[in-house]
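Work through the exercises below with the sequence and the 3D structure side by side. Try each task before reading its solution.

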Amino acid sequence: MKAKKKAILGSLAAAILIMLFLLMRYTSWDNATFLPVTHGLRNTFAFAQEGITSIKVGIGGFFVCFADRERLAEEKSQLTREIVALKTKLYHLSEEEAENRRLRDLLEYKKETKDLYDFTLAKVIARDPGSWYKTLVLNRGHRDGLSKNMAVVTPDGLIGIIDRTTAYTSEVLLIIDAESAVGAKILENRVTTGIASGIGRADYMKMIHLPHDAPLEKGQTIVSSGLGGLYPEGLLIGTVSEIKIEPNGLIKSAFLEPAADFNSIEEVFVITQTKDPSTEPEE
């Protein structure tokens with residue numbers, strides 16, 4: 001019974017194959033004769049083929065789009081790396097340019113003051129972590145001829161005095177430290193003297209012990225007076241930004257804007273000797 005059933009199914013399959021073959025023959029595109037049924041079948045097959053083609057194109061487009069996204073992602077990553085490399089190079093070039101500018105300024109300052117001072121060039125290697133603007137550490141010490149109470153300057157002006165040394169380092173007490181005090185005078189009249197002291201800020205100092213009748217004006221230049229023996233005379237300290245009359249009315253005080261930029265000190269000169277121009281041999 002099973003064998004007979006299989007034979008019937010086989011014959012039916014063969015008949016279907018023959019019919020499909022005939023349909024393919026009579027519905028071929030080069031056949032000019034169409035039966036109504038073949039016309040309908042052709043349209044059906046064409047519609048199905050169009051759907052299959054659309055699916056194929058869609059799948060192909062998906063993989064093309066996916067490949068494009070991967071390519072674009074890689075290009076973006078490459079461009080990002082190049083931008084980082086260029087920014088790093090630009091940063092180093094800017095640093096080198098800034099360093100060259102500072103060194104040129106130092107050299108020019110040394111030439112201008114060669115008849116007044118002997119210098120040792122030093123680099124700032126650390127700052128006091130507990131009070132950023134009060135002290136800093138230099139990479140030169142007593143092995144380089146530096147010692148306590150030597151004045152420290154930049155081309156912009158006075159910044160402090162050496163407080164202590166080791167063999168290879170020195171600690172500088174900045175003039176903006178609250179414990180610092182510099183004998184000072186007004187450059188424009190050269191007679192009014194007082195004390196320039198720090199208040200623990202990088203942008204302000206205070207000048208105290210000024211007579212009430214001192215000809216003090218906003219914008220005047222304050223330099224070291226040389227009194228006290230620690231700082232040489234004539235080193236630039238800052239400019240007067242504000243004047244205040246003390247409550248007793250007998251003395252004045254003034255706020256100063258420091259000449260040096262204490263936020264960006266990287267190299268300094270330590271004055272190792274003050275010269276007397278009158279004793280210099282004539283050339």
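**Exercise 1. Describe the hairpin formed by β6 and β7, and find the turn residue with a positive phi.**

Solution. Begin with the turn: β6 and β7 form a hairpin with six residues between them, and within that turn Arg-190 has a positive phi of about 60°. Next, look at how the strands are joined in this predicted model, where β6 and β7 pair in the antiparallel sense over five bridges. To place one of these bridges, start from Gly-183, whose bridge partner in β7 is Ile-195.

**Exercise 2. Follow the chain into the hairpin of β7 and β8, and say which residue there takes a positive phi.**

Solution. Strand β7 covers residues 193-198 and strand β8 covers residues 205-211, and the two pair in the antiparallel sense over four bridges. Two of the facing positions can be picked out by eye: Ala-196 stands opposite Met-207 in β8, and Gly-198 stands opposite Met-205 in β8. The hairpin has six residues between the strands, and the residue that takes a positive phi, near 80°, is Gly-200.

**Exercise 3. Place Glu-179 in the model, and decide whether Glu-179 is buried or exposed.**

Solution. First locate the residue along the chain, where Glu-179 lies in the loop between β5 (170-174) and β6 (181-186). Then apply the cut-off, under which a residue is exposed when its relative accessible area is over 50%; Glu-179 counts as exposed because its relative accessibility is 72%. Finally, look across to Gly-198, which is 19 residues away along the chain, and note that the C-alpha atoms of Glu-179 and Gly-198 are separated by 6.9 Å.

**Exercise 4. Trace the barrel that contains β6, β7 and β8, and give the order of its strands.**

Solution. Six strands close into this barrel in the order β6-β7-β8-β11-β10-β9, and the pairing is antiparallel. Neighbouring strands of this sheet are turned by 40° against each other on average, with direction ignored. Moving on from β8, one comes to strand β11 (residues 251-258), which runs antiparallel to β8 and is joined to it by five bridges; one of the facing pairs is Lys-206 with its bridge partner Phe-255 in β11. Further along the order, strand β9 (residues 221-224) and strand β10 (residues 236-245) run antiparallel and are joined by three bridges, with Ile-222 standing opposite Gly-238 in β10.

**Exercise 5. Find the strand order of the barrel that contains β3 and β12.**

Solution. This closed barrel of six strands runs β1-β2-β5-β4-β3-β12, with antiparallel pairing. Its neighbouring strands are turned by 45° against each other on average, again with direction ignored. For the pairing between β3 and β12, look at residues 151-154 and residues 267-274, where the strands are antiparallel and share two bridges; here Val-152 stands opposite Val-270 in β12.

**Exercise 6. Decide whether Thr-154 is buried or exposed, and list the residues it touches.**

Solution. Thr-154 lies in strand β3. A residue is buried when its relative accessible area is under 20%, and Thr-154 is therefore buried, since its value is 8%. Leaving aside residues up to four places away in sequence, Thr-154 touches Tyr-109, Ile-159, Ala-260, Ile-265, Glu-267 and Val-268.

**Exercise 7. State the volume of the largest pocket, and examine its lining.**

Solution. The volume of the largest pocket is about 250 Å³. Its lining includes Thr-154, together with Ala-260, Ile-265 and Glu-267, and these last three are also among the residues that Thr-154 touches. Sorted by character, the lining residues divide into four nonpolar, two polar and six charged. Helix α2 (residues 36-112) gives the most to this lining, with three residues.

**Exercise 8. Set these parts within the whole protein: how many helices and strands does the secondary structure comprise?**

Solution. The secondary structure comes to two helices and 12 strands, and from the N terminus on, the elements run α-α-β-β-β-β-β-β-β-β-β-β-β-β. Of the 283 residues of the protein, 29% count as buried. For the contacts with a separation of 6 or more, residues 24 or more positions apart account for 55%.

Notes:
Residues are numbered from 1 along each chain as its sequence is written. This is a predicted model: local features need pLDDT of at least 70, side-chain atom pairs count only at pLDDT 80 or more; totals for chains, interfaces and linings use all residues. Side-chain values use heavy atoms; hydrogens and water are left out. On a 1 Å grid over the protein atoms alone, a cavity is a set of points where a 1.4 Å probe fits but cannot get out, and a pocket is an open set with protein on both sides within 12 Å along at least five of seven lines; lining residues have an atom within 4 Å of a point. Grid points are joined across faces, edges and corners, and a volume is the space filled by probe spheres set on the points. Ala, Val, Leu, Ile, Met, Phe, Trp, Tyr, Cys and Pro count as nonpolar, Asp, Glu, Lys and Arg as charged, and the others, Gly among them, as polar. Two strands pair if DSSP finds at least two bridges between them. Axes are lines fitted to C-alpha atoms, for helices over the stretch in contact, and angles run from 0 to 180 degrees between N-to-C directions. Buried means under 20% relative accessible area, exposed over 50%, partly exposed in between (1.4 Å probe, protein chains only). Contact means heavy atoms within 4.5 Å.
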